[in-house]
Amino acid sequence: MGWLSCFSRQKITEDDMPEILQALMVAKKPKASKKALKALLAITHMGIVPPAVVRSGKIIPKIHAWAQSRDGALRRDALVCAASLSQDSLDSGCAEAIATNDFLTACGALGKLKKDQRLVRLGARYFASAGGNHAVRKKIVDGNIHDQVWSFVKSRDPETMKFGVLAFGKFADDLYCAEKMCAEELTVDDLVKFFMTKIQNTDNTDVENWCLMAVARLAQASKFSSALAKQDKLPVIFAKANDSIAGRKLFAALCVANCASNKNLRVRLVKHRAFQLFVHMSTVGSHAREDMRAYQRVAALGLRNLAANFHLRALAGRVGVVEAVVRMLRSRDDQIRRFAARAAADLSLHEENATKMVTLGAFGSLILMAKSGDKHCENEAITALCNLALTEDNQSAFVKAGGMEAMEVMQLSSNPNVKKLAKKLQTRVRMSKLRTAARFAGKMALTHKNARIAKGDWEEDGDGDDFSRG
């Protein structure tokens, strides 16, 4: 193990990785294990390291064993390494390999330790790092380990509490996990009360933002958003959402957007001027400074959710929502365009909104989305096009914008729903043309009849009719 001593005198690079991995695999004594772990920690940020650790097949079991060691320093180093390897490890499989049920349970149990606060802090840090991985957080909530993590959240140690709050927010990053977290031992009312108290009383900006992030993500669950409304916390959330500080505004607005997925709260949110909030945020594009670039994505999500309410669509057309949606259809961000297309599909079921969207040029953007080849974009785009092209005037505008050519392309899609809607829209436009032609032929026949009557060359029994006479 003499080679490790040179690392104290020179910078460790990725070229040293094979030797470091070999040292980890053969390390037996605590001293050698600590040196090898510290060397590994110096290069975990490099993208090639996590996959190599997984491929070795021996290092992760050793990290698991060292994390249970009686040697406190070795145990701490193992937890730091586990957290670093799990951080942003989305494709390597390293985070998933580390997060075995036994390891997760052991890390969760650290929250009850009273003697070694550094170890408790590192346990919380691990969950804050690994919680960003979808497979890991699903495993955490399925195993009810988030109940154990709650002890980190309620810790009196500020650092442990910060990591715990951050971990809890990451766990709730998708609907399945958010709903699961609101259905177990921790009551929803307790969750709302704890996080909102922190948001309103803390002087630490990071803690406030992380609590807002947790609340925003948990609000995807209807139980949690209903509890927010029941405890009259929506005015607090809206006050934060209208703040000028970007970090605070972003997560609070995301909370409003996710609350709008609860159909029972949409009217109440609009009374708090949710439409105006999202319309204002939609004006901030990708050119804005880094901490404000996600504004438009949140605005698109919020308008998509609110537009699902039939009774709010007329109001939406009067407060600038239609203009905001059409503007976001031109975004370079695929997710923003998908949300905006969904909002357009719902809003266009109100005829005045549809007419306004067509006037503002919505067909052009939607047709480009429909031909993009992205399965999510084309699905939302074709739905919006079908709803917009209901009236004959809108159908004429659709044809002029190149819609029929786009439908030919859409019928080659591998998505059966897209093919079905494209064919339906194509048939609708063609039938509309036939009806227009039939009406025109009827008008021409009537004009011809009136002219014959005026000349006295028409008999009602058909004798004067050229067709009858023939």
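In this predicted model, Arg248 pairs with Asp243 in a salt bridge. The closest N and O atoms of the two residues are 3.0 Å apart. The partners differ in burial class. Arg248 has a relative accessible area of 15%, so it counts as buried, because the limit for that class is under 20%. Asp243, with a relative accessible area of 21%, is partly exposed.

The bridge between Arg248 and Asp243 belongs to a wider set. The structure holds 16 salt bridges. Side chains of opposite charge can pair when their charged atoms come close. A further pair is formed by Lys356 and Glu323, whose side chains meet at 3.9 Å, N to O. Lys356 sits in helix H24 (residues 351-359), and Glu323 sits in helix H22 (residues 321-328). The pair therefore ties together parts of the chain that are 33 residues apart in sequence. Lys356 is partly exposed, at a relative accessible area of 29%. Glu323 is also partly exposed, at 31%.

Salt bridges with shared partners also build a network, which joins Arg137, Asp173, Asp174 and Arg217. Within this group, the side chains of Asp174 and Arg137 form a salt bridge of 2.9 Å, N to O. This pair links distant parts of the chain, 37 residues apart. Arg137 belongs to helix H9 (residues 134-142). Asp174 lies in the loop between helix H11 (158-171) and helix H12 (175-181). Both Asp174 and Arg137 are buried.

Arg217, a member of the network, also appears in the lining of the largest pocket. This pocket has a volume of about 290 Å³. Its lining includes the charged residues Lys170, Arg217 and Arg297. Among the other lining residues are Met213, Leu250, Phe251, Leu254, Gln335 and Phe339. Four helices each supply at least two residues of the lining: helix H14 (205-218), H17, helix H20 (295-306) and helix H23 (334-347).

The nonpolar interior was examined next. The largest nonpolar core has 163 residues. Helix H17 (residues 246-259) gives the most to this core, with 10 residues. Leu40, Tyr126, Phe127, Phe195, Phe224, Phe278 and Leu366 have the most contacts inside the core. One of them, Tyr126, shows how such a residue is surrounded. Leaving out residues up to four places away in sequence, Tyr126 touches Ala82, Ala83, Ser86, Ile98, Ala99, Phe103, Leu104 and Cys107.

A polar residue can be followed in the same way. Asn394 is part of helix H27 (residues 392-400). Its relative accessibility is 6%, so Asn394 counts as buried. A polar atom of the Asn394 side chain lies 3.0 Å from the backbone oxygen of Leu388. Beyond its neighbours within four places in sequence, Asn394 is in contact with Ala354, Thr355, Val358, Phe363, Leu388 and Ala389. Leu388 thus appears both in this list of contacts and as the residue whose backbone oxygen faces the Asn394 polar atom at 3.0 Å.

The chain as a whole gives the setting for these details. The chain has 30 helices and zero strands. Of its 470 residues, 51% are buried. Among contacts with a separation of 6 or more, 70% involve residues 24 or more positions apart.

Key. Residues are numbered from 1 along each chain as its sequence is written. This is a predicted model: local features need pLDDT of at least 70, side-chain atom pairs count only at pLDDT 80 or more; totals for chains, interfaces and linings use all residues. Side-chain values use heavy atoms; hydrogens and water are left out. Buried means under 20% relative accessible area, exposed over 50%, partly exposed in between (1.4 Å probe, protein chains only). A polar contact is a pair of N or O atoms within 3.5 Å; within protein, one must be able to donate a hydrogen and the other to accept it, and residues adjacent in sequence count only if both atoms are side-chain atoms. Contact means heavy atoms within 4.5 Å. A nonpolar core is a set of buried Ala, Val, Leu, Ile, Met, Phe, Trp, Tyr and Cys residues joined through side-chain atoms within 4.5 Å. A salt bridge is a side-chain nitrogen of Lys or Arg within 4 Å of a carboxyl oxygen of Asp or Glu. On a 1 Å grid over the protein atoms alone, a cavity is a set of points where a 1.4 Å probe fits but cannot get out, and a pocket is an open set with protein on both sides within 12 Å along at least five of seven lines; lining residues have an atom within 4 Å of a point. Grid points are joined across faces, edges and corners, and a volume is the space filled by probe spheres set on the points.
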